[in-house]
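Let's walk through this one together, question by question. Keep the fold open beside you as you read.

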Amino acid sequence: MSIAQLRIPAPYAVFGRLAIAVALALVTSVVRAETVLEVIPLHHRMAEEVIPILQPMLVREGTLSGFKGQLIVRTTPGNLAEIKRILASIDSAPRQLLITVRQDADARHQRSSAEVSGNVGNENVRVIVPPTSGGRQGGRVVIREGDSRVRARVLDSNSAVADRNTQKLRVMEGREAFIRVGQSIPVRGQEVRRTVVGGQVVEQVVDTTQYRDVTTGFYVRARVSGDRVTLDISPQRETLSGDVRGGVNVQRVVTTVSGRLGEWMELGGVGQDATGQQSVLLGRSSSVTRDDRRVLLKVDEVR
């Protein structure tokens, strides 16, 4: 009989599969019997900081958890020695960092206008052009002849406002930190209150005062590797609006950046341009407004 024609009877085939299953179970039990459990105290780092680094180093049957500044490791002896070696290199004293956040706001406004007004004519016809603006700023020229008078007004103005806000916060690497400063601003308004008097609803308008917080600050978490730093940061700045009563201008950035220690990094910025023109009878005005906002960041190591 050739090898190709050899057939294993069914009872022996079942016995073979059973033997293989028993052998695998014995191997698995031996592997499990070789696992050890150890509690490792942490000296400088928190468990949630080191577990994500050590987890990929575990063997498949190993487990890793943290409890009150300690690591609980269940794994093979060889893998435990590797875990301890890696932990010794990362469980070191965290570096002290000084984080500086600067939020800049630059506003520029340019306005130009020119107009002619007055009255010109004779006893039969007279043309009167009233001024379009009651302002007295700018250069003015008046020409008179008899009872005719012509006025010319030219205005050219420029204004620039620069606002710099800097905040500093000292933090340990890998830890979260938050700083916020500001003030509560009273905002006056009115509301309608309804009361029932003698079975009738009576409405009354009363003055109210509400306080709104206007703050500046940032949240940050920093991680350092060599001379490079990676930050999860969210700076926010609020200022009172000069255009809307009780309004607040909000500037906020949420981002993750990486750079070198001691170097300024720009997190983001916003630029707004507004141009307006207005024409009237014998007059014209134009205005240009530019508003630039930037958020800068620097991290220094405190030695």
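A quick word on names before we start: strands are DSSP runs of E with at least two residues, helices are runs of H or I with at least four, and both are numbered from the N terminus. Keep in mind that this is a predicted model.

Q: How many strands does the secondary structure of the protein have?
A: Helices are few here, with three in the protein. The strand count in the secondary structure is 14.

Q: What share of the residues in the protein is buried?
A: A residue counts as buried when its relative accessible area is under 20%. The protein has 303 residues, and the buried share comes to 27%.

Q: Of the contacts with a separation of 6 or more, what percentage links residues 24 or more positions apart?
A: Contact here asks for heavy atoms within 4.5 Å. Among contacts with a separation of 6 or more, residues 24 or more positions apart account for 64%.

Q: In the open sheet of three strands, what is the strand order?
A: Strands S1 (36–41) and S2 (63–66) stand at the edges, each with a single partner strand, so one side of each has no neighbour in the sheet. The pairing is antiparallel, and the order reads S1-S3-S2.

Q: By what angle are neighbouring strands of this sheet turned against each other on average?
A: Direction is ignored for this one. The average turn between neighbouring strands is 15°.

Q: Which residue in S3 is the bridge partner of Val-36?
A: S1 and S3 (residues 70–75) run antiparallel and are joined by six bridges. One of the S1–S3 pairs to look at is Val-39 with Ile-72. For Val-36, the bridge partner in S3 is Thr-75.

Q: Which residue in S3 is the bridge partner of Thr-63?
A: Over on the S2 side, four bridges join S2 to S3, again antiparallel. Leu-64 has Val-73 as its bridge partner in S3. Thr-63 is bridged to Arg-74.

Q: Which residue in the turn of the S2–S3 hairpin has a positive phi?
A: Three residues lie between S2 and S3 in this hairpin. The residue we want is not a glycine, yet its phi is near 50°. At a relative accessible area of 73%, over the 50% cut-off, it is exposed, and its name is Lys-68.

Q: Which side chains of S3 point to the buried face?
A: The side chains alternate along the strand. Gln-70, Ile-72 and Arg-74 point to one face and are not buried. The ones on the other face, which are buried, are Leu-71, Val-73 and Thr-75.

Q: What angle does the direction of helix H3 make with that of S1?
A: Helix H3 (residues 77–90) packs on the sheet, where it touches S1 and S3. Its direction and that of S1 make an angle of about 10°.

Q: Which elements are included in what covers the buried residues of H2?
A: The buried residues of H2 are Ala-47, Glu-49, Val-50, Ile-51 and Leu-54. What covers them includes S2, S3 and H3.

Q: Which element gives the largest share of the lining of the second largest pocket?
A: That pocket holds about 330 Å³ of space and is lined by 17 residues, with Arg-45, Glu-49, Ile-53, Glu-173 and Gly-174 nearest its centre. Two or more lining residues come from each of helix H2 (47–54), H3 and strand S9 (200–225). The largest share, five residues, comes from S9.

Q: Is Val-248 buried or exposed?
A: Val-248 sits in strand S11 (residues 248–252). Leaving out residues up to four places away in sequence, it touches Arg-212, Val-214, Glu-238, Thr-239, Leu-240 and Ser-241. Its relative accessibility is 17%, and since the cut-off is under 20%, Val-248 counts as buried.

Q: How far apart in space are Val-248 and Glu-238, C-alpha to C-alpha?
A: In sequence the two are ten residues apart. In space, their C-alpha to C-alpha distance is 6.4 Å.

Methods: Residues numbered from 1 in each chain as written. Predicted model: local features only at pLDDT ≥ 70, side-chain atom pairs only at ≥ 80, totals over all residues. Heavy atoms only, no water. Buried < 20%, exposed > 50% of the residue type's maximum accessible area, 1.4 Å probe, protein only. Pairing = 2+ DSSP bridges. Axes fitted to C-alpha atoms, helices over the stretch in contact; angles between N-to-C directions. 1 Å grid on protein atoms, 1.4 Å probe; cavity = no way out; pocket = protein on both sides within 12 Å on 5 of 7 lines; lining within 4 Å. Points joined across faces, edges and corners; volume = space filled by probe spheres on them.
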